[in-house]
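Please look over the sequence and the model below. A short briefing on selected features comes after them.

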Amino acid sequence: MKAIVVRQTGGLEAMNLETVPDPTPADRDVVIQVEACGVCMHDVAVRNGTLKRGVELPCILGHEVSGTVVAVGSKVSRFRVGQRVATVQRYHICGACRFCRGSREPLCEERKFLGDWGMVGGYAEYVAIEDDNLAEVPDGLPLAEVSIAACAMGTILNAVRDVGRLQVGETVLVTGSGGGLGLHALQIANAFGARVIAQTSSPDKAAFMKAMGAHEVVVHGRGEDFSKQVLDVTQGRGVDMVIDNVGTPQFQPTRKSLGVMGRWLMIGQLTGEFVPFNPAQLFLRAQSMLAVNSTTRAQLEDVLKLVQMGKIRPVVDRSFSLAEAREAHLQVEAGRVRGRALIRPGL
Amino acid sequence: MNVIHATALAIESIAPASAPKPEPQRGDILIRVGKASLNYRDLAVLSGTHIAAATLPFVPCSDACGVVEAVGTDVTRFKPGDRVVTCYIQGWRDGRLKKEHRMRTLGGPLPGVLQEYLVVPAEDAVAAPAHLSDSEAATLPIAALTAWTALQEGGVRPGDTVLVQGTGGVGLFGLQFARAAGARVIALTSSAEKAAMLARLGAAEVIDYRRIPDWAAAVREASGGQGADIVIETVGSTLEQSLGAVAFGGFIGMVGFLGGLTVPLNLRQMIGPNIRLQGVVVGSRAGFEAMNRAMVLHAIHPVLDRTFAFADAQAAFARMKAAAHVGKIVIDVDGTGEAR
């Protein structure tokens, strides 16, 4: 089969279209003919060597996969050939540890991240993934678009529903609102009945953010403190919850935007920089930082249900063929993608 | 000032009377009552079975909206001219209900709101949502907050299925709040006309319980065989069916007793499917304020039934007793009609 392989980390040229052996199913594997694979900044970080932990080269990139089952291993009972499926961000978990048993499987110590560890990734015609890490795609949903259901949407559902317990009527700030997670965060927070504030330094994105569910869009200059604007639209109270897709570069304005008893959901971190802060700044206002980590299979199934109900929808931009993978990364790194770009091996 | 008195535990005894105008003490607000709204509970109080210690004559009714006319010393929460709504359970500000709060309810044992002027502690009223008329705001303290609390205790979230019963206050507010929270709502009712209204308010499915007496099966069918994640049980006596209609691990908020106070309960129906069954008595002030915030954001307006003149309060109670109403019955205490 054809696949994009990274043998040595580096620039765009580190990705090469190669012909590699087709995957064959081990006992618990489901072999998927890839319909689409989302392109995440994570892929860029693996390719250029920024991310080293959990990476084993050579590797095939890509952890946001949807496709059709073409073969199953001897111990697979939940899936059959011809079924449409979407993946979580892993291809192996042990299934038995306390994390796997306690709806925390992204923390399984045996986990193998799809697209990071060896020749198992979504930038390929086929990929073999253990059945624990798959969900059936309900009829009627566009298969390519739901490739991003776990990473770009499920992570936000995890944040909003399970970690942050957002309630109808609360106010939410989404940092990095224009990004792949941000646009879905606007939608999901809106679906929960919250008042949603988007934050962006790109004024041209404001209209789309409103269409995605933002009640207010705070537009500011790059590097500028936007907290005053957030306080202005919250009667000085600040927000009940921040869905933070940015981290360090906006740490102080984000902190100052958070209200008393606010929950600060840590999802994204765009740089390797550290940040100084005084813990008292949080505890004197009874604020909490909460970690959001990846997506469980159950959360993926719930996202697919919400998409089917029409509550939320995946935002995808251009599709690229495998041969255009370098171009896809170029566009993603340049921030010229709205939502997610897709790799479509069938193109 | 003018008041409405019940001189006996019977709605026939309800009649206009007069009483001295109250004075706000330290921490109190004096409210010029604009509109009041009835609940089924008001009938129950007058039946004599609900609260043993009601002393006669008695000012009935629990829910009111009005304007602050004066404040006692040390009041910072409100100022004269503010539009406020009373809290039904006086003193329950936040957190868990305590025994000492339980008997501090307006409209029995504490005096009710059918009076021109009313004094309550400033801490036991909330600001009226700006988008609501006095009539609309007057419907919130019991019915709306009960529905809100049931849904919050049930942990409502997008994609959930919520079952509401009927077209009374709690059922309609439950429908509206569940929709705002992204849930799918199944409603029970008894006529095509009411069904059409429920559909207009956003019910995904409406089941006519007269035509389909075994509505539990119909609810399961209308929810992909799963059952409802949350049931707001307002009838009470239908608990057995609600247990049949609720999903595994689901929640039943027991809020009403329209069908009587005792019901058969098959524990197996509750234990096996891991059902949470919780009594819900209205809610705290913190819940009230969170609810109002959501109502403003989602521009939710209560469904109003008919408005009765202050002097016709008895007729309002009769309408409630006849169960002829859809939505909330309003009493025009200040005589200004529908206008603010």
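The notes that follow cover domains, chain contacts, two helices and some backbone features.

This is a predicted model. Chain A and chain B are each assigned two domains. The two chains touch, with 13 residues of chain A in contact with 12 residues of chain B. In chain B, helices α1 and α11 pack at an angle of about 100 degrees.

**Domains**

- In chain A, domain 1 is made of two segments, 2-136 and 315-343. Domain 2 of chain A covers 153-291.
- The centres of these two domains of chain A, taken over C-alpha atoms, are 29 Å apart.
- In chain B, domain 1 joins 2-139 with 303-332. Domain 2 of chain B runs over 144-279.
- The centres of domain 1 and domain 2 of chain B lie 28 Å apart, again over C-alpha atoms.
- Contact between the domains of chain B involves seven residues of domain 1 and eight residues of domain 2. The domain 1 side has three nonpolar, three polar and one charged residues.

**Contact between the chains**

- Chain A puts 13 residues into contact with 12 residues of chain B.
- On the chain A side, helix α9 (residues 297-308) gives the most, with three residues.
- By class, that side of chain A has five nonpolar, three polar and five charged residues.

**Helix α11 of chain B**

- Helix α11 spans residues 313-321 of chain B. Its buried residues are B:A313, B:A316, B:F317 and B:M320.
- Viewed down the axis of α11(B), these buried residues fall within an arc of 100 degrees, so they line one face of the helix.
- An α-helix has 3.6 residues a turn, so residues three or four places apart point the same way.
- The cover over the buried residues of α11(B) includes four strands and a helix of chain B: β1 (2-6), β2 (14-18), β14 (304-309), β15 (328-332) and α1 (40-47).
- B:A323 follows α11(B) and has a positive phi, near 55 degrees.

**Helix α1 of chain B**

- B:R41, B:D42, B:V45 and B:L46 are buried in α1(B).
- Down the axis of α1(B), the buried residues fall within an arc of 140 degrees, so they too line one face of their helix.
- The buried residues of α1(B) pack against β1, α4 (140-153) and α11 of chain B.
- After α1(B) comes B:G48, with a positive phi near 85 degrees.

**How the two helices meet**

- The axes of α1(B) and α11(B) are 9 Å apart, and the packing angle is about 100 degrees. The two helices are therefore roughly perpendicular to each other.
- From α1(B), the contact takes in B:Y40, B:D42 and B:L43. From α11(B), it takes in B:F317, B:M320 and B:K321.
- This contact has four nonpolar, no polar and two charged residues.
- B:D42 is buried in α1(B) and takes part in the contact with α11(B). B:F317 and B:M320 are buried in α11(B) and belong to the contact with α1(B).

**Backbone features**

- Most residues other than glycine have a negative phi, and most peptide bonds are trans.
- A:R165 is not a glycine, yet its phi is positive, about 50 degrees. It lies in the loop between α3 (149-163) and β11 (171-175) of chain A. A:R165 counts as partly exposed because it has 14 C-beta neighbours inside 10 Å.
- B:A299, also not a glycine, has a positive phi of about 50 degrees. Its place is the loop between α10 (285-297) and β14 of chain B. B:A299 counts as exposed because it has 10 C-beta neighbours inside 10 Å.
- The peptide bond from A:L57 to A:P58 is cis, with omega near -5 degrees. A:P58 sits in the loop between α1 (41-48) and β4 (59-60) of chain A.
- The peptide bond from B:G108 to B:P109 is cis, with omega near -5 degrees. B:P109 belongs to the loop between α2 (99-102) and β6 (117-121) of chain B.

**A buried loop residue**

- B:A222 lies in the loop between α7 (215-221) and β11 (228-233) of chain B.
- B:A222 is buried because 21 other C-beta atoms lie within 10 Å.
- Leaving out residues up to four places away in sequence, B:A222 touches B:I186 and B:E205.
- B:A222 and B:H5 are 217 residues apart in sequence, and their C-alpha atoms are 47 Å apart in space.

Note on methods:
Residues are numbered from 1 along each chain as its sequence is written. Chains are lettered from A and ligands numbered from 1 in the order in which they are written. This is a predicted model: local features need pLDDT of at least 70, side-chain atom pairs count only at pLDDT 80 or more; totals for chains, interfaces and linings use all residues. A residue is buried if 20 or more other C-beta atoms lie within 10 Å of its own, exposed if 12 or fewer, and partly exposed in between; C-beta atoms are placed from the backbone. The arc is that of the directions from the helix axis to the C-beta atoms. Domain bounds come from an automatic or database domain assignment. Axes are lines fitted to C-alpha atoms, for helices over the stretch in contact, and angles run from 0 to 180 degrees between N-to-C directions. Angles under 35 degrees count as roughly parallel, over 145 as roughly antiparallel, 65 to 115 as roughly perpendicular and the rest as oblique. Ala, Val, Leu, Ile, Met, Phe, Trp, Tyr, Cys and Pro count as nonpolar, Asp, Glu, Lys and Arg as charged, and the others, Gly among them, as polar.
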